[in-house]
Amino acid sequence: MTFSMKRSMAILYKDYKDVSKNLYVSTTVLLPLVMAAIYGRMGIEAIDTHYMVINMIFSLVAAYVQCSLIAEEKEKNTLRGLMLSPASTLEILFGKSLLSFISTIAVIIIAAFLTGYNPDNVIIVGMAIILSAVFYIGVGTLLGLLTKSVMEASVVILPIMMIFSFGSFLTPFIEKYPVLKFIEYLPNLQLIELANQVEAGAGLADVWFHLAVIIVWTAAVFALVVAVYKKRMMD
Amino acid sequence: MENIIEVKSLAKYFSDQPALENVSFNVKKGETFGFLGPSGSGKTTTIKILTAQLAQTDGEALVFGVNASNLKKEEYRKKIGILTDNSGLYSRLTIYDNLKLYCDLYDVPDKRIDEVLGMVNLIDEKKKAVSKLSKGMTQRVTLARAFLHQPELLFLDEPTSALDPVNTKHIYKGLKDLKEKGTTIFLTTHDMNEAETLCDRVAFLNNGAIQLLDSPKALRQKFADHTLTVELTDGSKVIVDKGPGGAQTVYDYMSGNKIVSIYSNEPTLGDIFVEVTGRKLA
Ligand SMILES: Nc1ncnc2c1ncn2[C@@H]1O[C@H](COP(=O)(O)OP(=O)(O)OP(=O)(O)O)[C@@H](O)[C@H]1O
Ligand SMILES: [Mg+2]
């Protein structure tokens, strides 16, 4: 089976036109930038604070926007049209993720500029951020596929946003209750850990484990997305 | 003649409730096949099984000679066009942009958009957002999208239910042109005139099975009851046999100068529908 970039790009182009007429989504994208501008003015030093903004972008732009885009395709019965077209599962999922992915990365770059986040090793941090973006888009896709309408999706995504965007607040609890140790392995905490180590001068050899954990999460979500998507092809 | 669709003893249960119990029929290449039946008789269910959107409980459904559930391959997708009640459009996008996406998905050149919009009489509207369209216009866009890629087999689930008579006629012409070009059409409708106008053969689905299957003409002959209705000057109507038995009666009325009109009782498809299903049209 060959992968047709043309079909994925057609879906991206369609989504772009659609979203540019959708005020609801475009304002959601701008929200984290407002927050970044405020933090930037206050002047922040701590990595954790930069990542509060970045995690907010992951939750709002990657997961939430993606979730609404997918849920709307379901609600309006357009997803079935894509599924019945010659486009393959991969072409559709890839095309359908491009807009959220590009927006996420663009907003993170602008936000980093606004908050003055300048990682010591842009390549490693960039890789980790790109992988995380794919993970959150996967989470958004999954929830979008599982819910029936944009409304339902906006409710279901709230707890997910809580866990992932305020993850770093959980660290004190982990120290208190060892049962919660697994929380450390959440991709958001792994990303912050990686970013902190990079600032302390760590190289790829030191942080590969954190990257690997994020890759495992991403792969797991992707496998789930494909499984649920295949189910959704049939009533 | 080659069969494009072959359905054998098809059954579909929705949690123990039967929608289809024992449905068998074939659709030949190039024919327009009318799939008729009361509301809830399982027409849409059958289309969904035939287009791999629903799995059957039992029986066989072959399309292009392969199991319908295996139609997910690109080559088959390109051969099939579908219009059902779950064919949605992107409401914020224009008609043109909706069809443009499908051109790219089906590898069809953009110039085809104007061709199909001509067929559904929407050329002048193509820059309009779908959310601004009337119900009938929306239905015509969905229809245009169904045959955008010139499919060999077209499933149309009530394609004209929201259309005015002028547009309906225009669509009939378009569908007849498609048939001329060899397209096989699987059509469901509640409009018996539509079935009569478009279909080579019609099947009546009721109580989970096909009750009748033939050309509209053959069915009318089969159900003809060989009677005349004689309308009399006093307003009453008398049914008279067409054979010698009725000759004397008609002669008597005629001699008495009592007849307003006489007509032959040819059943319409609608009459046959009511007789076969025992139900009124939805
Ligand atoms: N997803 C479903 N779950 C449960 N029951 C269903 C489902 N889809 C259809 N049915 C039932 O199956 C039967 C057949 O429905 P179907 O939609 O195929 O009828 P139809 O002939 O297309 O009717 P109409 O002419 O009104 O469109 C109905 O009793 C319906 O309630
Ligand atoms: Mg139906």
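**Exercise 1. Which domains does the domain assignment of chain B give?**

Solution. Keep in mind that this is a predicted model.
- Step 1: Follow chain B along its numbering; the assignment gives domain 1 at 3–216 and domain 2 at 225–265.
- Step 2: Now place these two domains of chain B in space: their C-alpha centres lie 45 Å apart.

**Exercise 2. Find how many residues of chain B are in contact with chain A, and how much area the two chains bury.**

Solution.
- Step 1: On the chain B side, 28 residues are in contact, and they meet 25 residues of chain A.
- Step 2: Between them, chain B and chain A bury about 2700 Å², with 55% of it on carbon and sulfur atoms.
- Step 3: Look for Tyr90(B), Arg92(B) and Leu105(B), which supply 28% of the area that chain B buries against chain A, more than any other three residues.

**Exercise 3. Describe the polar side of this meeting between the chains, then say which elements of chain B take part.**

Solution.
- Step 1: Count the salt bridges between chain B and chain A: there are 7.
- Step 2: Try one of them yourself: Arg92(B) pairs with Asp18(A) in a salt bridge whose closest N and O atoms are 3.1 Å apart.
- Step 3: Add the polar contacts, which link 13 residue pairs between chain B and chain A, both residues at pLDDT 80 or more.
- Step 4: Two or more residues on the side of chain B that touches chain A come from each of helix H2 (74–79) and helix H3 (95–105) of chain B. H3(B) gives the most, with 5 residues.
- Step 5: Finally, sort the residues of that side of chain B: 11 are nonpolar, 6 polar and 11 charged.

Note on methods:
Residues are numbered from 1 along each chain as its sequence is written. Chains are lettered from A and ligands numbered from 1 in the order in which they are written. This is a predicted model: local features need pLDDT of at least 70, side-chain atom pairs count only at pLDDT 80 or more; totals for chains, interfaces and linings use all residues. Side-chain values use heavy atoms; hydrogens and water are left out. Domain bounds come from an automatic or database domain assignment. Contact means heavy atoms within 4.5 Å. Buried area is the accessible area (1.4 Å probe) that two parts lose on being put together, summed over both. A salt bridge is a side-chain nitrogen of Lys or Arg within 4 Å of a carboxyl oxygen of Asp or Glu. A polar contact is a pair of N or O atoms within 3.5 Å; within protein, one must be able to donate a hydrogen and the other to accept it, and residues adjacent in sequence count only if both atoms are side-chain atoms. Helices (H or I, at least four residues) and strands (E, at least two) are DSSP runs, numbered from the N terminus. Ala, Val, Leu, Ile, Met, Phe, Trp, Tyr, Cys and Pro count as nonpolar, Asp, Glu, Lys and Arg as charged, and the others, Gly among them, as polar.
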